[in-house]
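Here are some notes to read alongside the structure. They go point by point, so take them in order or dip in where you like.

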Amino acid sequence: MTMSLIAATAGTLLGVPAAAAAPAYAAGTDVCTVTDSRIVEGSGLLVRPDGYDIINDSGDQVEVFHLDQECQTTAVSVVAIDPRDTEDLARGPNGLLYVADIGDNNAVRDSVALELVDPADPSLAQIRRFRYPDGAHDAESLFVQSDGRIVIVTKSLTGLSGVYRSSEPVDIAPGATDMPQPLDKVGDLRIDKTDTPGGPVGWLGSRLVTGAAASADDTLIALRTYTDAYIWDLDSPDIAGTLVGKKATVIPLPPSPQGEAIAFAPQTNDIYLFGEGQNATLSVLPVTTTPGDAVASRQVAVGDDARVPARNDVLPYVVIGAILLACAGVLLVAIRLRKPRHGD
């Protein structure tokens, strides 16, 4: 069986047509281009009335870049803390910026962290550490509930993302302990693959949760993957419970090489999008949670019914394994047939 035949067979069995028609996606509007050469891995974003706050993915110190409305850097909050893997940015109580040091590609960290940054005086930054109840996870998405507790949504190739919430509100008092505090697992939500184009890893990217955002008035929350945005109506302070217990509206996003950041505008339901790359473009997209009002939007059920992997989550891996086993069998038969017999 040739490699081309294997690839063709795998594509057919996995339901990945060779030239699938791209779905309609919501049209965004380019706002400005970030030309600061230091911002090359944009991973977290906040929108202010007068500009934007951006962090890079990883780095050897905590840096929050403050930009004006034309995407020009006006200041940088530099903190003398060497993070492991910074992935998201949220606004906490009293104007503090929560830098989510929660990335863990190899799932080996004993704990994850927040760096609490005061833009007025970055030298006062503090660290708060947290520990999952069920081992290490990779994550790129952080919410801060109105009660002060944080919510982390993990990133999973299967699309089955865990939702974790801190047991207590984050203690923002100066000098508070940085000993790891417990996270509780609230549940799981399943992100099924979509046909939305874009992203760095094909259809797998539509399952990988890369960013989170909450509206300023606490009425909407959002998660994004490399290709789509999921919007929930929030009618209580319980962000974690909403994620695992209610339907979301999914909106296909404009294609992006590696879109990782999402944020709500301060006074509207518009979402701002940003991603990795030199001279990356910041764009804005009006959204609604009413299916049909946004281009190609639809409601999807995610949450309590996804506590175990669904068939669609495991089927691709089963099929790939079967194909590999079949190829190995064909190869073994071919070797045996070509092996010289005694007397030849």
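1. A word on terms before anything else: helices and strands here are DSSP runs, with at least four residues for a helix and at least two for a strand, numbered from the N terminus. Cys71, for instance, sits in the loop that joins strand 4 to strand 5. Keep in mind that this is a predicted model.

2. Now the overall picture. The protein chain has three helices and 21 strands. It runs to 344 residues, and 47% of them count as buried. If you take the contacts between residues at least 6 apart in sequence, 56% join residues at least 24 apart.

3. How many disulfides does a search of the whole structure find? Just one turns up. Cys32 and Cys71 make it, with 1.9 Å between their sulfur atoms. The torsion about the S-S bond is about 55°, so this disulfide is right-handed. Cys32 belongs to strand 1 (residues 29-33) and Cys71 to the loop between strand 4 (62-68) and strand 5 (73-79), so the pair ties together parts that are 39 residues apart in sequence. For anyone rusty on the chemistry, a disulfide is a covalent bond between the sulfur atoms of two cysteines.

4. Stay with Cys71 for a moment. Both cysteines of the pair, Cys32 and Cys71, are buried. Cys71 has a relative accessibility of 1%, and the cut-off for buried is under 20%, so it qualifies. Its backbone is worth a look too: phi of Cys71 is near 70°, a positive value in a residue other than glycine.

5. Asn279 also has a positive phi without being a glycine, at about 55°. You'll find Asn279 in the loop between strand 19 (271-275) and strand 20 (281-285). Is Asn279 buried or partly exposed? With a relative accessible area of 40%, Asn279 is partly exposed.

6. Next, look at Asp36, in the loop between strand 1 and strand 2. At 13% relative accessibility, Asp36 counts as buried. Its side chain has a polar contact of 2.8 Å with the side chain of Arg38. A polar contact of 2.7 Å links the side chains of Asp36 and Thr73. Beyond its neighbours within four places in sequence, Asp36 is in contact with Phe65, Thr73 and Gln278.

7. Where does Arg109 sit? Its place is the loop between strand 7 (97-101) and strand 8 (112-117). This arginine is buried, with a relative accessible area of 7%. What does the side chain of Arg109 reach at 3.2 Å? One answer is the backbone oxygen of Ser111. The backbone oxygen of Asp101 also lies 3.2 Å from a polar atom of the Arg109 side chain. Not counting residues up to four places away in sequence, Arg109 touches Arg84, Asp85, Asp101, Ile102, Gly103, Asp104 and Ala136.

8. On to Leu183, which is part of strand 13 (residues 181-190). Leu183 is buried, with a relative accessible area of 2%. Leaving aside neighbours within four places in sequence, its contacts include Phe130, Tyr132, Ile150, Ile152 and Tyr164. From Leu183 to Glu168 the C-alpha distance is 8.7 Å, and the two are 15 residues apart in sequence.

9. For a residue in a helix, try Thr242, in helix 2 (residues 239-245). At 3% relative accessibility, Thr242 counts as buried. Setting aside neighbours within four places in sequence, Thr242 is in contact with Ile221, Trp232, Asp233, Leu234 and Ser236. Ile221 is 21 residues away from Thr242 along the chain, and their C-alpha atoms are separated by 9.1 Å.

10. Last, the largest pocket, which holds about 490 Å³ of space. Of the 24 residues lining it, Leu46, Arg91, Ala214, Ser215 and Ala216 are the closest to its centre. Which strands each supply at least two residues of the lining? They are strand 2 (42-48), strand 6 (88-91), strand 10 (139-144), strand 14 (209-214) and strand 18 (259-264). By type, the lining of the largest pocket divides into 18 nonpolar, four polar and two charged residues.

Technical notes: Residues are numbered from 1 along each chain as its sequence is written. This is a predicted model: local features need pLDDT of at least 70, side-chain atom pairs count only at pLDDT 80 or more; totals for chains, interfaces and linings use all residues. Side-chain values use heavy atoms; hydrogens and water are left out. A disulfide is a pair of cysteine sulfur atoms within 2.5 Å. Buried means under 20% relative accessible area, exposed over 50%, partly exposed in between (1.4 Å probe, protein chains only). A polar contact is a pair of N or O atoms within 3.5 Å; within protein, one must be able to donate a hydrogen and the other to accept it, and residues adjacent in sequence count only if both atoms are side-chain atoms. Contact means heavy atoms within 4.5 Å. On a 1 Å grid over the protein atoms alone, a cavity is a set of points where a 1.4 Å probe fits but cannot get out, and a pocket is an open set with protein on both sides within 12 Å along at least five of seven lines; lining residues have an atom within 4 Å of a point. Grid points are joined across faces, edges and corners, and a volume is the space filled by probe spheres set on the points. Ala, Val, Leu, Ile, Met, Phe, Trp, Tyr, Cys and Pro count as nonpolar, Asp, Glu, Lys and Arg as charged, and the others, Gly among them, as polar.
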